[in-house]
Amino acid sequence: MGTDRSAARSSRNIGGTDWLKFMAALLVIANHTSPLASVSPQADFWVAGLISRVAVPIFFIGSGFFLFRKFADDASANRSAVVRYTNKIALLYGLSILIYLPLNAYKGDFAQGFHVGSVLRDIVLDGTFYHLWFFPALWIGVWLIYFLSRLPSMAWAWTAAIALYAFGLLGDGYYGFAANTLHLKPAYDALYAWMDYTRNGLFFAPLPILAGATLARRGLPKSAPSRSAGIRLGAAAIIALLLLIAEGEWLRGLDLPRHGSLYLLSIPAAFLLFLWSTTWNMRGSKPLRAWRTWIYILHPWAIVLVRGAAEAVNGERLLIANSPVHYVAVCLASIALSALAAAAMGKAGKIRLFAHAKKRGEDSSSAPSRRIF
């Protein structure tokens, strides 16, 4: 996907994407805490079960956009950019695995011993904890789109990405249709012997990453769009979310979903939201960029801590049974943990830079700044 760097980049402010992805991180928490369950199960399904499904596609689209907009006509430099990016993903995933080993042990994941095949499946596809599947999915998806984008025509990349997503969709949101109408149950039964879900790097991630990469390739207009254009994009995004809710209700009424992670309209809705956020003309935020990553990683620990605190003070009725309060408490705890983690990583980075500069006999003040994530 080599292209002129000046064409791929836009000089205008697109800090709104920082805020959108921060909100997407809070939607991930909503998916795992059911914030409206004690108020209205129906409304909770719309928010936690459907609207929250745009969160991860937003992250994938953003990753494709901000990685591939760095591409130029130098194939070697492009590959190096992908290597650096995926190495960061792997390091962050490895750290996340270590962070959740205590909870893995508490859940009894190691009670039956270790099976090499199961361990590899968890690491490569399903994630070693319920939310960590995102990191191997992003790693695999980025490399798939990188190689597909090197084909002579982008039509091949789009065909492959759409076919993979369609196969994943039939194994998830439209599973009942695939099993009973298309008679694909034996094929998916064989597939699920090797993975628990199709929401992984093989089937889910490539299409939204390609959508973000294509947006980067085309480039955003250098001048901010008119207010009316932003309103139109916002209206389109809201309509797409409403259609996603309608799709989810229709599928649930027919009892088709197997897991409910992949929907036909979640990718268009996420893309329109991302595109809309580029029109907000808001100042970007470095803390938000750091926090959203750690919010995603640490929010299950925040759930455990909030529940533990509620039991310690006999506050289960307020902090657990009251789902909106529980959600807010988990969000606040996640943000606090994320701020601490980001500060610790920033300090560790400075210490590493200082040590590197000292080893080279340089003054530490001349060492370049480096963003950890």
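When I say contact here, I mean heavy atoms within 4.5 Å. With that in hand, let me start at Ile209. Setting aside neighbours within four places in sequence, Ile209 is in contact with Phe60, Gly64, Phe68, Leu138, Gly141, Val142 and Ile145. And before I go further, please keep in mind that this is a predicted model.

So where does Ile209 belong? The largest nonpolar core has 99 residues. Ile209 is listed among those with the most contacts inside that core, together with Val54, Phe60, Phe68, Phe134, Phe135 and Phe204. Two of those names, Phe60 and Phe68, also came up as partners of Ile209.

Okay, on to the helices. Two packed helices are described by the angle between their axes and the distance between the axes. Let's do that for H4 and H12. H12 covers residues 206-218, and H4 packs with H12 at an angle of about 40°, the axes being 7 Å apart. That makes H4 oblique to H12, because angles under 35 degrees would count as roughly parallel and 65 to 115 as roughly perpendicular. The crossing itself is right-handed.

Who makes the contact? On the H4 side we have Pro57, Phe60, Ile61, Gly64, Phe65 and Phe68, and on the H12 side Pro208, Ile209, Gly212, Ala213, Leu215 and Ala216. So there's Ile209 again, on the H12 side. Sorted by class, the contact of H4 with H12 has 10 nonpolar residues, two polar and no charged.

H4, which is residues 55-68, has another partner: H14, residues 266-277. Here the axes come within 9 Å and cross at roughly 55°. That makes H4 oblique to H14 as well, and H4 passes H14 in a right-handed crossing. From H4 the contact uses Pro57, Ile58, Ile61, Gly62, Phe65 and Phe66; from H14 it's Ser266, Ile267, Ala270, Phe271, Leu273 and Phe274. The class breakdown for H4 with H14 is 10 nonpolar, two polar and no charged.

Now, what about the backbone in the loops? Most residues other than glycine have a negative phi, and most peptide bonds are trans. Here are two residues to look at. Ser34 has a phi near 50°, a positive value in a residue other than glycine. You'll find Ser34 in the loop between H2 (16-33) and H3 (41-50). Is Ser34 buried or exposed? Neither, really: Ser34 is partly exposed, with a relative accessible area of 27%.

The other residue is Asn281, with phi near 55°, again positive and again not a glycine. Asn281 is in the loop between H14 and H15, the latter being 286-312. Asn281 counts as partly exposed because its relative accessible area is 48%, and exposed would need over 50%.

Let me finish with a couple of residues in helices. Ile123 is in H7, residues 116-126, and is partly exposed at a relative accessible area of 33%. What does Ile123 touch? Not counting residues up to four places away in sequence, Ile123 touches Tyr93, Thr128 and Pro136. As for Phe135, from the core list, Ile123 and Phe135 are 12 residues apart in sequence and 9.5 Å apart in space, C-alpha to C-alpha.

Last one: Leu305, in H15. Leu305 is partly exposed, with a relative accessible area of 43%. From Leu305 to Pro136 there are 169 residues in sequence and 26 Å in space, C-alpha to C-alpha. Thanks, happy to take questions.

Terms used:
Residues are numbered from 1 along each chain as its sequence is written. This is a predicted model: local features need pLDDT of at least 70, side-chain atom pairs count only at pLDDT 80 or more; totals for chains, interfaces and linings use all residues. Side-chain values use heavy atoms; hydrogens and water are left out. A nonpolar core is a set of buried Ala, Val, Leu, Ile, Met, Phe, Trp, Tyr and Cys residues joined through side-chain atoms within 4.5 Å. Buried means under 20% relative accessible area, exposed over 50%, partly exposed in between (1.4 Å probe, protein chains only). Axes are lines fitted to C-alpha atoms, for helices over the stretch in contact, and angles run from 0 to 180 degrees between N-to-C directions. Helices (H or I, at least four residues) and strands (E, at least two) are DSSP runs, numbered from the N terminus. Angles under 35 degrees count as roughly parallel, over 145 as roughly antiparallel, 65 to 115 as roughly perpendicular and the rest as oblique. A crossing is left-handed if the near helix is turned anticlockwise from the far one by less than a right angle, and right-handed if clockwise. Ala, Val, Leu, Ile, Met, Phe, Trp, Tyr, Cys and Pro count as nonpolar, Asp, Glu, Lys and Arg as charged, and the others, Gly among them, as polar.
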